[in-house]
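Hi,

Here is the structure I said I would pass on. Have a look at it first, and my notes follow underneath.

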Amino acid sequence: MVLPCGCIFNLESTESMDNLSFLKRMNRCWQDHCRQTIMIRSIFLFLDRTYVLQNSLLPSIWDTGLELFRTHIASDSAVQKRTVEGILEQIELERNGETVDRSLLRSLLGMLSDLQVYKDSFEERFLTETNRLYAAEGQRLMQERDVPECLHHVARRLEEENDRIVSYLDQSTQKPLICCVEKQLLGEHMNAILQKGLSSLLNENRVTELALLYQLFSKVKGGLLTLLQFWRDYIKSFGGEIVCTPEKDKDMVQDLLDFKDKMDNVVQSCFARNEAFINAMKEAFETFINKRPNKPAELIAKYVDSKLRAGNKEATEEELERILDKIMIIFRFIHGKDVFEAFYKKDLAKRLLVGKSASVDAEKSMLSKLKHECGGAFTSKLEGMFKDMELSKDIMIQFKQYIQNQSEPSIIELTVNILTMGYWPSYTPMEVHLPSEMVKLQEVFKLFYLGKHSGRKLQWQPTLGHAVLKAEFKEGKKELQVSLFQTLVVLMFNEGEEFSMEEIRAATGIEEGELRRTLQSLACGKARVLNKNPRGKDVEDGDRFNFNNDFKHKLFRIKINQIQMKETVEEQVSTTERVFQDRQYQIDAAVVRIMKMRKTLSHNLLVSELYNQLKFPVKPGDLKKRIESLIDRDYMERDKESPNQYHYVA
């Protein structure tokens, strides 16, 4: 059986044509051939479906038509070359933004596919040209454009190539084509893109571009791992700057909270909540926050104090709860949690004793969070402080009944807080000269309390006391809410009109620095119940004071704030040193506990066990010193033959 070819294709007559005209001529020839082959198959349909099917060696009429076209036209090297070059030229024009006839390309590439020469004659050349084009474009992009523009350009290119596959390329080309684009525009420049632009994208919180960056990098082999490493390094670097810059200490905790919120938002909105990125962020936070030992723990404790103190009008209870939850996330990253405990305990004591706590519920909520995070041992002293305050209330109810039964009831109403010394921070006792009525009332309470709890010792702490005084001015009667030191100074003016600073000091026994601050609060603050001569903001030697009879205030009860002595460097060092001292005791106890259980242990194994048991960071050198100290005190001894071996001494 012989089939006529559907067209006459004269190569010489096409040499003068441009490539597009040649492609159109080629397509017309192909379409004519297909149409005529279909007509012949329709005429010989019975033959094609019976005789040909029964003889497996005979090709169908359609296949014979394809073979004829392949042999006489498509296999001609000049025709094939011209066709492929024409198609590639059209695709390049389209990539450069020009409009091309997509139906023509779809028809011709369908022809190559039907003739089974698509892969060998077209696809290899096409991928090579694509590789070359995008390699050059990738280099140009990195040099000429910023990272957000690069990312949007790459996304657009990928979209265009996917559109070409849908419109006219064979589906088999999709994977190698997209891989080629991703490799040349992204894969070859991953480090350069991240070095050039990741920091600025994160600093400026460019959520759209960060999401696009993640989406694009997830397509490239090793892309997410590279992004993860740069992300981790960025957090360490940015966070390290917050923590290790002493000038920023004032805002450190707020900056850390804001930074954590921002990074959480990036992971959630841009990085598809990828677990690896969440873990990398936690690891990075833990690394940089412990670069500067102790200070972050101290500042977090003070930040919590500022939020839990009365007068903090920034937050409702729900907002305060949210802030505390966020603080606990930062707190988790800290290694030296005992430093936090020391400063937190000191501030909590002030809040409880001066009645400065914003909310008992918020205090107990914070305590519960700390207990959940660090265990009961961590919060036992803090819980003890709350118990003392509650017990003190019960004791005061009993004391008031006791006073009422006395023959001479006092004109002063006394409230006492009984503090268990082991729970509370240590306070330096200060001897001051109290009025006789106060001293008498103290003795009455002492008699009452020791009568109920024999064997206990009471030590009064005047530095923590406060009082409400009734005062008469020209304007009328007022109540003054003052500290005990302010009380002692103001009461002096019942006995005389004017006193010098030296006279007040001799009469009250208040330490000089404390007295200056007390007088400053009474004579130089907003509520000036005393007049100072000469006038001025600071209290100097030789200054004289008199009662301000002309004092006016819109409120009946006025709180006169004590001038707060800023926590000195010495006090901070003292608190930190107490923490270190406690750590030494804990190390000693852990060593003895381990040796008592194991009896004999090598140095390395002992150190390893200690690291497992201790909950604070410690250097190997410090452990060695404690082990030497215990050997000197005969708790353990070295093996005589092997110095690295220790034996427990019972």
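I started with the aromatics: Phe331 and Phe340 are both buried. Before I go further, keep in mind that this is a predicted model. The chain averages a pLDDT of 85, and 93% of the residues score at least 70. Residues 1–6 are where I would read with care: pLDDT stays under 50 there, and the model has 14 contacts beyond four places in sequence for that stretch.

**Aromatic rings**

The structure holds 28 aromatic pairs. Phe331 and Phe340 make one of them, a tilted pair with 4.6 Å centre to centre and 55° between the planes. Phe331 also has a charge over its face, since Lys337 lies there at 5.3 Å from the ring centre. Tyr344 has a similar visitor in Arg351, which lies over the face of the ring at 5.6 Å from its centre.

Then there is Phe473 with Phe547, a stacked pair at 5.2 Å centre to centre and 10° between the planes. This one links distant parts of the chain: Phe473 sits in strand 1 (residues 466–473) and Phe547 in strand 5 (residues 544–547), 74 residues apart. Are the two rings buried or exposed? Phe473 counts as buried at 6% relative accessibility, while Phe547 is partly exposed, with a relative accessible area of 25%.

You will also find an aromatic cluster made up of Tyr234, Phe238, Phe259, Phe285, Phe288 and Phe333.

**Nonpolar cores**

The largest nonpolar core has 117 residues, and Phe122 and Trp231 have the most contacts inside it. Helix 18 (residues 337–353) gives the most to this core, with 9 residues. What does Trp231 touch, leaving aside its neighbours within four places in sequence? The list is Leu198, Leu202, Met263, Val266, Val267, Phe271, Phe277, Ala280 and Met281. Apart from the core around Trp231 lies another one, of 29 residues, and Val432, Phe473, Leu480 and Phe551 are among them. So the buried ring of the stacked pair turns up again here: Phe473 is in this second core and has 6% relative accessibility.

**A helix that is largely enclosed**

Helix 22 (residues 484–491) is worth a look. It is largely enclosed by the rest of the structure, because 7 of its 8 residues are buried. The buried ones are Leu484, Phe485, Gln486, Thr487, Leu488, Val489 and Val490. They pack against helix 21 (436–452), strand 1, strand 2 (476–483), helix 23, helix 24 (512–523) and strand 4 (530–533).

**Salt bridges**

There are 45 salt bridges in the structure. Take Glu160 and Arg157, whose side chains meet at 3.0 Å, N to O. Both are in helix 9 (residues 147–167), and being 3 residues apart they are separated by about one helical turn. In general, residues three or four places apart in an α-helix point the same way, because there are 3.6 residues a turn. Arg157 counts as buried at 8% relative accessibility, whereas Glu160 is partly exposed with a relative accessible area of 25%.

Glu204 and Arg206 form another salt bridge, at 3.1 Å, N to O, and Arg206 is partly exposed with a relative accessible area of 29%.

The salt bridge between Glu503 and Arg544 comes in at 4.0 Å, N to O. It links distant parts of the chain: Glu503 is in helix 23 (residues 501–508) and Arg544 in strand 5, 41 residues apart. Glu503 counts as partly exposed at 39% relative accessibility, and so does Arg544 at 31%.

Salt bridges that share partners also join Glu94, Arg95, Arg102, Glu161, Asp163 and Arg164 into one network.

**A buried glycine**

Last, Gly138, which lies in helix 8 (residues 118–144). Gly138 is buried, with a relative accessible area of 1%. Leaving aside neighbours within four places in sequence, Gly138 is in contact with Gln184, Leu185 and His189. The C-alpha atoms of Gly138 and Cys150 are separated by 8.9 Å, with the two residues 12 apart along the chain.

Cheers

Conventions. Residues numbered from 1 in each chain as written. Predicted model: local features only at pLDDT ≥ 70, side-chain atom pairs only at ≥ 80, totals over all residues. Heavy atoms only, no water. Phe/Tyr/Trp six-rings, centres within 6.5 Å; stacked < 30°, edge-to-face > 60°. Buried < 20%, exposed > 50% of the residue type's maximum accessible area, 1.4 Å probe, protein only. Helix = DSSP H or I, 4+ residues; strand = E, 2+ residues; numbered from the N terminus. Lys NZ or Arg CZ within 6 Å of the ring centre and 35° of its normal. Core = buried A, V, L, I, M, F, W, Y, C linked by side-chain atoms within 4.5 Å. Contact = heavy atoms within 4.5 Å. pLDDT = per-residue confidence, 0-100.
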